[in-house]
Amino acid sequence: MAIEPEARRRAHQWLDEVYAKTPEREALFETISGHPVRPLYTEDDLADWDSERDLGLPGSYPYTRGPYPSMYRGRLWTMRQFAGFGTVEETNERFRYLLDHGQTGLSTAFDMPTLMGLDSDHGRSDGEVGVEGVALDTVDDMETLFDRIPLDQVTVSMTINAPAAIVLAFYVVAAEENGIAPAKLGGTIQTDILKEYIAQKEWCFPIEPAMRLVTDMVEWCTAEMPRWHPISISGYHIREAGSTAAQELAFTLKDGFTYVERALERGLAVDSFAPRLSFFFNAHIDFFEEIAKYRAARRIWAREMRERYNAADERSLLMRFHTQTAGVSLTAQQPLNNIVRTAIEALAGVLGGTQSLHTNSFDEALALPTADAVRVALRTQQVIAHETGAANTVDPLGGSYFVEALTDEIEAKAYEYFARIDELGGMVAAIEQGFPQREIADAAFAYQTEVDAKQRIVVGVNDYVAEGEADPALHRPDPSAEIRQRERLERTRAARDEAAATTTLEALKAAAGGDENLMPRLIACARARVSEGEMVAAMQEVFGTYTEHPQF
Amino acid sequence: MSEETATRTIRVVVAKPGLDGHDRGAKIIARALRDAGMEVIYTGLHQTPEQIVATVIQEDADAVGLSILSGAHMTLVPKVVALLAEQGVEDVIVTVGGTIPADDVPELKKLGVAEVFTPGAPTDAIVEFIRGAAAERSPA
């Protein structure tokens with residue numbers, strides 16, 4: 001779009017002659033990521049912008065405005081609240097409560113032992129079973145988890161990474177034993193191991209064997225589970241660890257490109273697997289920056305998939321993502337304020353075109369949500385969907401000088417990061433050298449410094465404080481869950497054919513030492529009632545383990 | 001002022017007990033304490049209580065900060081405190097930070113935890129607390 005010299009002159013003149021005369025208040029006019037924000041955005045800021053090249057139409061390359069033509073006028077985003085605590089019985093109850101209250105998809109939170117590949121009776125699981133999520137040890141647990149939930153009608157997301165292949169095996173076997181073939185299953189398993197080494201820090205194996213498992217899952221699901229997303233390439237956790245929006249965008253996409261490259265190296269055709277790749281972003285509190293981030297993400301992904309990875313199928317170019325509002329933005333102080341934060345963050349996700357959304361509960365700075373708190377969080381999405389008009393038109397902020405300029409600027413920052421990571425030898429090499437980890441730690445420290453200096457206000461925390469407030473009634477982990485879960489595990493082991501279990505484990509170990517796809521072996525172990533911890537331990541004998549060399 | 005009364009560098013172990021992988025806060029505190037002139041040993045993730053106490057002893061630490069955001073604090077903190085006592089270093093200052101509901105704070109303090117820093121605690125308050133507590137422990 002050619003900006004006429006007259007318009008450019010007018011904007012500059014206004015800034016120099018009119019705006020310069022008005023004093024600014026004492027505040028940080030930067031996004032939460034430290035990106036400077038100008039007083040006004042005009043056509044001048046879009047001097048090099050081309051609406052056909054940079055904006056396009058919804059459902060058309062480069063998909064800035066959205067992956068689908070009708071977006072929410074065709075179908076609302078999936079309301080998918082992350083849930084899980086205690087044993088599978090309690091979580092099954094919470095799943096059915098959420099579905100009864102209008103949630104449209106399920107999302108599973110596992111406990112720390114499950115996430116780290118440890119059984120509930122492992123010494124290091126002490127005090128952690130069922131605390132941060134639901135405890136899952138065997139396929140029997142998976143069956144109870146989805147009791148009375150039709151897996152051929154409800155899509156299920158499972159947030160698990162290092163042992164994802166095992167948990168997927170449990171899911172497939174549980175569904176099969178309930179008469180549902182893998183090809184009928186729709187949903188997502190997170191699987192994104194690179195962001196674990198970068199940010200979430202849940203690992204079982206060293207990087208290369210872990211990447212082999214990811215590619216095994218992509219390959220196997222491409223053949224057997226056409227409705228399933230074998231990976232959810234995530235920025236949420238990177239952001240929670242303290243990254244800027246640009247880092248979240250850049251590291252997530254670079255992780256994604258790395259998975260694409262590994263699948264291509266495996267011999268898979270890009271159009272065979274790329275359509276089932278999905279993404280997961282944070283919705284942080286700096287409203288416009290988040291919207292710009294999502295739009296830039298779609299545009300970058302489409303461009304790179306087409307130009308660099310030669311994807312020909314349109315579906316390979318579509319970035320579809322789930323969004324979660326920023327846990328790290330929630331305050332323990334005056335927790336009802338968190339309802340406001342979550343609502344604004346959720347709206348950013350919607351205006352950014354998310355396919356699926358989780359809204360945090362107001363009490364989550366301190367605990368897992370109570371049923372009442374999570375109901376408010378779900379209602380927040382329903383109010384946005386049905387009362388605000390935000391879902392009436394596609395990409396409402398498209399064409400905004402501010403939003404388009406920010407979209408361009410954050411995209412440019414992402415490409416700078418891509419170049420730096422390439423210089424280091426790619427994402428795996430960058431992680432081994434601690435690059436993304438250091439960037440995140442530096443950004444986290446810079447933000448904290450701003451907050452401590454009161455340059456950045458966090459309401460209720462460093463300003464507008466209220467003394468002597470008690471916590472709201474919080475969810476408390478049930479200590480009996482650990483005992484009950486150990487009993488469940490014992491019963492499964494007692495009932496299984498021990499010889500068969502051993503045979504399948506030996507076969508898994510042998511296969512791990514070679515390069516065959518491990519999914520069939522894991523499924524055989526799952527059927528034989530081998531536990532997650534047993535499978536992980538067997539694979540660790542072959543793969544080894546991982547220890548981080550921390551930098552602060 | 002004699003050499004004995006010159007201030008010795010405070011030595012702090014910042015530790016992540018249990019399976020919890022949330023290390024954002026622990027790393028910020030570690031850096032802030034180091035910037036404040038203290039000698040900081042960051043244990044990294046997934047430490048057992050035994051490993052933490054071994055580090056505290058090995059490093060001759062004045063204080064240990066336990067960072068727990070997994071909800072497992074009422075299992076892990078008592079274990080660390082008990083092991084410190086067992087090893088004869090119960091005078092080490094123990095602080096706890098993380099996702100700690102207010103209701104748990106009194107019980108942690110009864111165990112001997114000197115202070116609990118919940119979400120939103122200002123960094124300099126943490127630094128000053130440790131500086132003050134260390135001075136009381138080994139007065140100049």
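**View 1. Helices H1(B) and H5(B) meet at an oblique angle in this predicted model.** Here we're looking at helix H1, residues 24–35 of chain B, packed against helix H5, residues 123–137 of the same chain B, with an angle of about 60° and axes 10 Å apart. That's why the pair is called oblique: an angle of about 60° is neither under 35 degrees nor in the 65 to 115 range. As for handedness, H1(B) goes past H5(B) in a right-handed crossing. On the H1(B) side, the residues making the contact are B:Ile28, B:Ile29, B:Ala32 and B:Leu33. H5(B) answers with B:Thr123, B:Ile126, B:Val127 and B:Ile130. Sorted by class, that patch has 7 nonpolar residues, 1 polar and no charged ones.

**View 2. B:Ala134 sits in helix H5 of chain B.** Buried or exposed? B:Ala134 counts as buried, because 21 C-beta neighbours fall inside 10 Å and the cut-off for that label is 20 or more. Who's around it? Setting aside neighbours within four places in sequence, B:Ala134 is in contact with B:Ile10, B:Asp62, B:Ala63 and B:Ile93. There's also a long jump in sequence to look for: B:Thr9 is 125 residues away along the chain, yet its C-alpha atom is separated from that of B:Ala134 by 9.8 Å.

**View 3. Strand S3 of chain B is mostly covered.** One of the contacts from the last view, B:Ala63, turns up again here as a residue of S3(B). The strand spans residues 63–68, and 6 of its 6 residues are buried. Follow the side chains and you'll see B:Ala63, B:Gly65 and B:Ser67 pointing one way, with B:Val64, B:Leu66 and B:Ile68 pointing the other. Both sets are buried.

**View 4. S3(B) pairs with strand S1 of chain B and with strand S4 of chain B.** Strand S1, residues 11–15, pairs with S3(B) in the parallel sense over 4 bridges. With strand S4, residues 93–98, S3(B) also runs parallel, and 6 bridges join the two. B:Leu66 is a handy residue to zoom in on: it's the bridge partner of B:Ala15, and it stands opposite B:Val96 in S4(B).

**View 5. In chain A, helices H13(A) and H14(A) lie roughly parallel.** Helix H13 covers residues 287–307 and helix H14 covers residues 337–351; their axes come within 8 Å and cross at roughly 30°. That angle is under the 35 degrees cut-off, so H13(A) is described as roughly parallel to H14(A). The crossing of H13(A) past H14(A) is right-handed. The contact pits A:Phe287, A:Glu290 and A:Ile291 of H13(A) against A:Ile344, A:Ala348 and A:Leu351 of H14(A). By class, that's 5 nonpolar residues, no polar ones and 1 charged.

**View 6. Five-stranded parallel pairing, part one: the open sheet S1-S10-S9-S8-S7 of chain A.** Read across the sheet and the 5 strands come in that order, with parallel pairing. Strand S1 (78–79) and strand S7 (231–234) are the edge strands, each pairing on one side only. Further in, strand S9 (residues 321–325) and strand S10 (residues 356–358) pair in the parallel sense over 3 bridges. For a specific pair to find, take A:Thr323, whose bridge partner in S10(A) is A:Leu357.

**View 7. Part two: the open sheet S2-S3-S4-S5-S6 of chain A.** Again 5 strands, again parallel. The edges belong to strand S2 (82–83) and strand S6 (228–229): each has a single partner strand, so one side of each is left without a neighbour in the sheet. The partner shown for S6(A) is strand S5 (residues 187–189), paired in the parallel sense over 2 bridges. Look for A:Thr188, whose bridge partner in S6(A) is A:His229.

**View 8. Where chain A touches chain B, 33 residues come from chain A and 29 from chain B.** On the chain A side, helix H5 (112–115) and helix H18 (435–452) each supply at least two residues. Which helix gives the largest share? That's H18(A), with 5 residues. By class, the side of chain A that touches chain B breaks down into 18 nonpolar, 6 polar and 9 charged residues.

Definitions and conventions. Residues are numbered from 1 along each chain as its sequence is written. Chains are lettered from A and ligands numbered from 1 in the order in which they are written. This is a predicted model: local features need pLDDT of at least 70, side-chain atom pairs count only at pLDDT 80 or more; totals for chains, interfaces and linings use all residues. Two strands pair if DSSP finds at least two bridges between them. Axes are lines fitted to C-alpha atoms, for helices over the stretch in contact, and angles run from 0 to 180 degrees between N-to-C directions. Angles under 35 degrees count as roughly parallel, over 145 as roughly antiparallel, 65 to 115 as roughly perpendicular and the rest as oblique. A crossing is left-handed if the near helix is turned anticlockwise from the far one by less than a right angle, and right-handed if clockwise. Two residues are in contact if their C-beta atoms, placed from the backbone, lie within 7 Å. Ala, Val, Leu, Ile, Met, Phe, Trp, Tyr, Cys and Pro count as nonpolar, Asp, Glu, Lys and Arg as charged, and the others, Gly among them, as polar. A residue is buried if 20 or more other C-beta atoms lie within 10 Å of its own, exposed if 12 or fewer, and partly exposed in between; C-beta atoms are placed from the backbone.
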